[in-house]
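Subject: Structure for you to look over

Dear colleague,

I am handing over the structure we spoke about, and I would be grateful if you could keep it open while you read the notes beneath it.

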Amino acid sequence: MQNRTRLKIAAAGIAIECATFSPLPSELSDFDVLRGDALLSRYPFADSYADIDFRPIMQAQALPGGVLRRSVYDALKEEIIDGLRDGGPWDGVYLDMHGAMAVEGLDDAEADFISAVRNLVGLAPLISASYDLHGNLSGAIMNQLDLLTAYRTAPHEDALETRARAFDLLAQCLRTNMRPVKAFVPIPLLLSGERTMTIVEPGRSVYTEIDKVSGAEGLLDASLLVGFTWADQARSQAAAVALGVDEAATWAAARRLASAYWDARSDFVFGVPTGTTDECIALALESTAATVFLSDSGDNVTGGAAGDVPYVLKRLLAHRVPKTLYASLADAAAVNACFTAGLGAALTLSLGGKLDPVHGKPLSVTGAVKKLYESASSGRLVILGIDNVDVILSERRLAFTTLAQFTELGLDPLDYRIVCLKLGYLFPDFQRIAPCAIMALSPGAINALPETLPFHKIQRPMYPFDRDFDWSP
C-alpha cells in the first residue's frame, strides 16, 4: 500500500464481446471511449469513499462485434498503460471489463491486457476486475488479478451493481492490507446466453446458489460465469470463482457453484419457443397475443453479428404478415439513398448482405420513406414501409434493446402485430411488456445452436459438443 491515509486507485478498461465467427472486424469506431472526469458518471459509488483518491483514466466500451483489429487494441492498451505510468504509483487498480475480447494474433487478449497492467504497476498494488457473466476466464487472467466479480443476471440488470461490488472489494482489501484467497474452477460447459438466462429455470435456481454461499464465514464474494460461446478460443468455457480469507471455505464455495451448474446442464433450454424462421413466423401468426416479439437470433447484434442479414425480413414479406415492425437492418448505402430521395419517396433498394456476405444475400425491395431521423447516438435512421412491414434502416450497426429507442422514433412496439428484433433473448424493457416471445433459429454469425459450428480451439470434452463424459470440480 502506497498511502496509508488516502488510498490511490485507478480505473480503466477495454470492454468488448467478440464473436470469432463474425466476418465483420471490430474497429475503433465501434467504441465509446471515455477519459478522465468524463468517466465519473460511470462510477457514482466512488464519491462515497472519503479515504480514496479515485483517478479514472480511460474506459473503452464497444458494441459486440467480430475480432478486434490488433492496431486498435494496441492503441487502447497503450493509452491506458501510459495513463497508469503517468499517474502512479497506485495502491489499487480497478479494471472495468467485459471478458470476451478477441484480438487479431492474440490467443488470450484479456490476459495480455491485464498482464501489461500488472507489469506496469508492480506486484504490490491490488487489481480488481468486473466481468460480464458471458466473459471467458483463464489461468493466466486469474494469476494476474487479485479480485474478480461478475454479473449475476442475464438479461443484464446489474452492471452498475457489479462495478460497485468490484470497487468495494478492492477498497475493503486495501484497507485491511489483505490479499484474498482465490478459487478458480473451470467448467467444461459452454452454452449460449439464450439457454442460460437467470430469469427462468434452471438458471434462476443455479444463480441463487451465489446468494447461498456468499454468507459463508471466510468468504468475500462468489461468481459464476457461463462464458461466451461464439468465441473459438481455448479459454471459452464456464467458470466458478470465489474470493475469501479462508482457503477451505473459498474453494468449497467455488466447487459448490461449479457443481450446481454442471448438474443442471441438461436442463438448460431456450426460455421461449424456437424453430426455423418459417416455423416461428407461423407460430406468431397463429398466436392469440396482440403483439408477438420475434427474435432474429442468428443475426443478433448484441452477440456480435453484423446486423445486415435480411433473411428474416425476406421471409416476413413472403408470408404477407400483418402490421409488423422490423428493427433493424444496418445498411449505410440504403439510408443515404432514402435521405437523398426524401420523405415520402418511393424507391427500390438492395438491402443488406454488405457487412456479412457470408450469411446474407442482398434483398431487393420497393418501399416508401416514412420517416427520416438523425441523432448523435444512433446516427441516421430511416423507417421504410414495405407492404405491411415498417423496416428501420440504420447507417451503422445498431441493436434495439430499449423502449426509449422506439419512443425517439415516435413508435410504440405494441401498436404492431409482430415486432422482429435482431436479438437473442429479449432485453429487460421488452421482457416486461412482451405478451408473447418467440425466437427464430435464423441464419447468421450468432448461431443459437453453437454445437453445430466449426469449433477448433475449445478444450475437449466440452458439453454440449460432447455429452458422454463425467466431470466433477
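What follows is a description of a few places in the structure, taken one after another.

Please bear in mind throughout that this is a predicted model.

Helix 1

Helix 1 covers residues 70-87, which makes 18 residues, and from its first C-alpha to its last it reaches 26 Å, close to the 26 Å expected at 1.5 Å a residue. The buried residues in this helix are V72, Y73, L76, K77, I80, I81, G83, L84 and G87. Seen down the helix axis, these buried residues fall within an arc of 160 degrees, so they line one face of helix 1. On the face turned away from that buried side, helix 1 carries the exposed residues S71 and D86. As for what the buried residues pack against, their partners are strand 1, strand 2 (31-35), strand 3 (52-62), strand 4 (92-96) and helix 2 (109-121).

R6

R6 sits in the segment before strand 1 (7-15), and with a relative accessibility of 39% it counts as partly exposed. Once its neighbours within four places in sequence are left aside, R6 is in contact with A50, D51, I52, D53 and D91. For two of these residues the contact can be described further: the side chain of R6 reaches the backbone oxygen of A50 at 3.4 Å, while the backbone oxygen of I52 lies 3.3 Å from a polar atom of the R6 side chain. If you would like a distance to check on the model, the C-alpha atoms of R6 and G88 are separated by 14 Å, although the two residues are 82 residues apart along the chain.

Strand 9 and its partners

Strand 9 spans residues 238-244, and because 7 of its 7 residues are buried, it is largely enclosed by the rest of the structure. In a regular strand the side chains alternate between the two faces of the sheet. In strand 9 both faces are covered, with A238, A240, A242 and G244 buried on one side and A239, V241 and L243 buried on the other. Strand 9 pairs with strand 7 (residues 181-187) in the antiparallel sense over 7 bridges, and within that pairing V181 has G244 as its bridge partner in strand 9. Strand 8 also runs antiparallel to strand 9, and 6 bridges join the two; here the bridge partner of D221 is L243.

S236

S236 is found in the loop between strand 8 (219-225) and strand 9. Is S236 buried or exposed? At 0% relative accessibility, S236 counts as buried. Not counting residues up to four places away in sequence, S236 touches N136, L190, F228, A231, I458 and M462. With A231 there is also a polar approach, since a polar atom of the S236 side chain lies 2.6 Å from the backbone oxygen of A231.

Cysteines

How many disulfides does the structure hold? The structure holds 0 disulfides. C280 is in no disulfide, and the nearest cysteine sulfur to its own, that of C436, is 10 Å away; likewise, C436 is in no disulfide, with the sulfur of C280 as the nearest cysteine sulfur, 10 Å away. A disulfide would need the two sulfur atoms to be within 2.5 Å. C280 is also buried, having a relative accessible area of 0%.

With best wishes

How values were computed: Residues numbered from 1 in each chain as written. Predicted model: local features only at pLDDT ≥ 70, side-chain atom pairs only at ≥ 80, totals over all residues. Heavy atoms only, no water. Buried < 20%, exposed > 50% of the residue type's maximum accessible area, 1.4 Å probe, protein only. Helix = DSSP H or I, 4+ residues; strand = E, 2+ residues; numbered from the N terminus. Contact = heavy atoms within 4.5 Å. Polar contact = N/O pair within 3.5 Å; in protein donor to acceptor, adjacent residues only side chain to side chain. Expected span 1.5 Å × (residues − 1). Arc of directions from axis to C-beta. Pairing = 2+ DSSP bridges.
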